[in-house]
Amino acid sequence: MWEDPGSSALEAGLQLRVCLPLCLHSDGVASLPAPQNLSVNSINMKYLLTWSPVILPGETVHYSVEYQGEYESLYISWIWIPTSWCTVIEEPKCDVTDDITATVPYKLHVRATLGSQTSAWSTLKHPFNQNSTILTPPRMEVSKDGFHLVIELEDLGPQFEFLVAYWRREPGAKEQTKVVRSRGVPVHLETMDPGATYCVKAQSLVKVIRRHSAFNQAVCGEALPLALALFAFLGFMLILVIVPFSIWKMGQLLQYSCCPVVVLPDTLKVTNSPEKLISCRREEVDVCATTVLSSEELFKAWI
């Protein structure tokens, strides 16, 4: 029996309209469309899974994300682990940085939920490995602290180290390097010669994946001019002399103000020792006594 081609096309169109936005299983139960276009964007060891959202007018669709590492894939492939932060979310993206911790392939899949309805799981086409992350040159700030060349690098995370190259800009100058592990903290690189120009550049290192970024743009700066350096040195030495003298002088003034020194008149000053004064007084008393006795004896004899 021949069928009318027009009626077949009409039925196909009706079925398509029924499946959008919801599809019907053979048993009549509605299901959500699965998320599509899964991909992982990875920069500097941060991993963000994204997908195309499931759009239903007037409805809020939620998503759940699970992952499967190498061990689960090889030995217990039926186990999928929920991600740390994306169990029931509204936005079509998930930060899986805390879940991808080893340099092995990871499988990722997503499904949509709306009330009691769930979609099928949509799986990332190719497993993701953190070795594929993109490493960018680090941001840095170069400054001078007196005669010290100082650099401060951005904090990209605990897995990062930085190779810093610096040199004096002059013909035949040798480039020096230093591995910096402190993040977000100023680091002293070199004591600069007065009037010289120094240049600095840096790159990111990640040992766990054995990769590094390109160097960033070199930054150059001039040290203090020689005349200014001498002036600063003389000023520093002058401060070293003036400050102690001022402190000593101030102490003297405070001492004279709080505890003044009383000067005795010369008539009250004792020039001899107490022992000599006592002995002198005794000799004078003996002389006086002898004189008195002699006068009495003469008076009696005259009578």
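A pocket, as the word is used here, is an open set of grid points with protein on both sides within 12 Å along at least five of seven lines, and its lining residues are those with an atom within 4 Å of a point. In this predicted model, the largest pocket has a lining of 14 residues, and M45, Y47, T97, P158 and Q159 are the ones nearest its centre. The space inside comes to about 160 Å³. As for the chemistry of that lining, it splits into six nonpolar, six polar and two charged residues.

Two of the residues at the pocket centre deserve a closer look. M45 sits in the loop between β3 (36-43) and β4 (46-52). Its backbone is a bit of an oddball: M45 is not a glycine, yet its phi is positive, at about 65°. Most residues other than glycine have a negative phi. M45 has a relative accessible area of 3%, so it counts as buried. T97 comes from another loop, the one that runs between β7 (93-95) and β8 (107-114). With a relative accessible area of 18%, T97 is under the 20% cut-off and therefore also counts as buried. Once neighbours within four places in sequence are set aside, T97 is in contact with M45, K46 and Y47. So M45 and Y47, which line the pocket along with T97, turn up again as contacts of T97. Closer to home in sequence, the T97 side chain makes a polar contact of 2.6 Å with the side chain of D95.

Now for the overall make-up of the chain. There are four helices and 18 strands. Of the 303 residues, 27% are buried. Among contacts with a separation of 6 or more, 62% are between residues 24 or more positions apart.

Two strand residues show what such surroundings look like up close. E161 is part of strand β13 (residues 160-168). Although it is a glutamate, a charged residue, E161 is buried, because its relative accessible area is 14%. What does the side chain of E161 pair with? It joins the side chain of R181 in a polar contact of 3.0 Å. Beyond four places in sequence, the contacts of E161 are V179, V180 and R181, together with Q203, S204, L205 and K207.

L189 belongs to strand β15 (residues 187-191). Its relative accessible area is 4%, which means that L189 is buried. L189 touches L149, I151, V164, Y166, K178 and V200 when residues up to four places away in sequence are not counted. One of these, K178, is 11 residues from L189 in sequence, and the two C-alpha atoms are 7.9 Å apart.

The cysteines come next. A disulfide is a covalent bond between the sulfur atoms of two cysteines, and the structure holds two of them. One joins C86 to C94, with an S to S distance of 2.0 Å. The torsion about this S-S bond is about 100°, so the link between C86 and C94 is right-handed. Both C86 and C94 are buried.

The other disulfide is formed by C199 and C220, whose sulfur atoms lie 1.9 Å apart. This pair links distant parts of the chain, with C199 in strand β16 (residues 197-206) and C220 in strand β18 (residues 219-222), 21 residues apart. The link of C199 and C220 is right-handed, with 105° about the S-S bond. How do the two ends fare for exposure, buried or partly exposed? C199 is buried, since its relative accessible area is 2%, whereas C220 counts as partly exposed because its relative accessibility is 37%. With the bonded cysteines numbered in sequence order, the pairing reads 1-2, 3-4.

One more backbone detail is worth a mention. R210, in the loop between β16 and β17 (211-212), has a positive phi of about 55° and is not a glycine. In that respect R210 recalls M45, another residue with a positive phi that is not a glycine. Their settings are another matter: R210 is exposed, because its relative accessibility is 80%, whereas M45 is buried at 3%.

Key
Residues numbered from 1 in each chain as written. Predicted model: local features only at pLDDT ≥ 70, side-chain atom pairs only at ≥ 80, totals over all residues. Heavy atoms only, no water. 1 Å grid on protein atoms, 1.4 Å probe; cavity = no way out; pocket = protein on both sides within 12 Å on 5 of 7 lines; lining within 4 Å. Points joined across faces, edges and corners; volume = space filled by probe spheres on them. Helix = DSSP H or I, 4+ residues; strand = E, 2+ residues; numbered from the N terminus. Buried < 20%, exposed > 50% of the residue type's maximum accessible area, 1.4 Å probe, protein only. Polar contact = N/O pair within 3.5 Å; in protein donor to acceptor, adjacent residues only side chain to side chain. Contact = heavy atoms within 4.5 Å. Disulfide = S-S within 2.5 Å.
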